[in-house]
Amino acid sequence: MTCVPIGMLIISVTNLKKLTHKIIHMNWTKEQLDAAWNKAREVEDRDKNKYRLDAAGAMIYRDSRDNTDMAWEVDHIFPYEILDYFDVPQDIINKDENLRAMHHSNNSSKGISFPKYSSNVEWDNYKEKNVKSSGSNTVNDKRISILRNLFEPYLGMTLEEAVQVYEDEHGIDW
């Protein structure tokens with residue numbers, strides 16, 4: 001394991017990348033937040049500026065960014081970790097086309113999966129709340145095509161090949 005000294009701390013390169021990733025993503029611009037939010041589905045009979053459904057069907061609330069029932073995060077549709085591993089420039093990784101609003105629990109369960117991913121919660125209209133679920137989701141073909149055009153020139157391979165290489169080199173076996 002490669003380690004880097006930071007002041008009095010010694011931190012692994014892997015953990016340094018994770019820490020840097022978290023710091024970078026706490027600084028979304030208003031435009032990026034709006035672009036991500038606008039990809040979420042509008043909900044009938046709800047204020048579209050405050051409530052949306054994420055791609056997995058969980059209700060999210062615009063002003064809720066903390067760890068609450070309707071909290072959301074900005075999700076990289078094609079996983080940040082894979083693009084960063086292949087040294088795709090940050091400004092390309094964070095293009096609006098690759099960002100969407102996702103319930104914090106669904107974003108966590110999605111991890112680095114692409115184009116199929118699992119989710120943990122979905123909205124229950126009868127109970128009027130998000131409930132635990134074990135959903136299986138797939139990024140739609142139109143979005144995959146957009147992401148192919150955006151990232152494949154930088155990757156030098158298909159999105160699916162990049163996922164496979166990343167998984168192989170990190171010992172990930174689903």
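These legends describe close-up views of a predicted model.

**View 1. Residue N106 and its surroundings.** N106 is part of helix α5, which covers residues 104–110. Its relative accessibility is 0%, so N106 counts as buried. Beyond its neighbours within four places in sequence, N106 has two runs of contacts to look for. One includes D54, A56 and A58. The other includes S118, S119, N120 and V121.

**View 2. The hairpin of β8 and β9.** Strand β8 spans residues 116–124, and strand β9 spans residues 129–138. The two strands pair in the antiparallel sense, over 8 bridges. Two pairs of residues help to trace the pairing. S118 has S136 in β9 as its bridge partner. W123 stands opposite N130, also a residue of β9. Between the strands of this hairpin there are 4 residues. At E128, phi is positive, near 60 degrees. S118 also appears in the first view, as a contact of N106.

**View 3. The largest nonpolar core.** This core holds 23 residues. F78, I82, F114, F151 and L155 touch the most other members. Four helices each supply at least two residues of the core: α3 (80–85), α4 (90–93), α6 (141–155) and α7 (159–169). Helix α6 gives the most, with 5 residues. L155 is worth a closer look. Leaving aside its neighbours within four places in sequence, L155 is in contact with L83, F86, V88 and A162.

**View 4. A separate core of 10 residues.** Another nonpolar core lies apart from the largest one. Among its 10 residues are W28, W37, A40 and A101. W37 belongs to helix α2 and is buried there.

**View 5. Helix α2 and the strands it packs against.** Helix α2 runs over residues 30–39. Its buried residues are Q32, L33, A35, A36 and W37. They pack against four strands. These are β4 (51–53), β5 (59–61), β6 (72–76) and β7.

**View 6. V43 in its loop.** V43 sits in the loop that joins β3 (41–42) to β4. The relative accessible area of V43 is 17%; the cut-off for buried is under 20%, so V43 is buried. Along the chain, V43 and L53 are 10 residues apart. In space, their C-alpha atoms are separated by 6.7 Å. L53 is also one of the contacts of V43, when neighbours within four places in sequence are left aside. The others are Y51, R52 and M59.

**View 7. The second largest pocket.** This pocket contains about 270 Å³ of space. It is lined by 15 residues. Closest to the pocket centre are K39, A55, R100, N140 and R143. Strand β7 (99–103) and helix α6 each supply at least two lining residues. By class, the lining has 7 nonpolar, 6 charged and 2 polar residues. Helix α6 also contributes to the largest nonpolar core, shown in the third view.

Conventions: Residues numbered from 1 in each chain as written. Predicted model: local features only at pLDDT ≥ 70, side-chain atom pairs only at ≥ 80, totals over all residues. Heavy atoms only, no water. Buried < 20%, exposed > 50% of the residue type's maximum accessible area, 1.4 Å probe, protein only. Contact = heavy atoms within 4.5 Å. Pairing = 2+ DSSP bridges. Core = buried A, V, L, I, M, F, W, Y, C linked by side-chain atoms within 4.5 Å. 1 Å grid on protein atoms, 1.4 Å probe; cavity = no way out; pocket = protein on both sides within 12 Å on 5 of 7 lines; lining within 4 Å. Points joined across faces, edges and corners; volume = space filled by probe spheres on them. Nonpolar A, V, L, I, M, F, W, Y, C, P; charged D, E, K, R; others polar.
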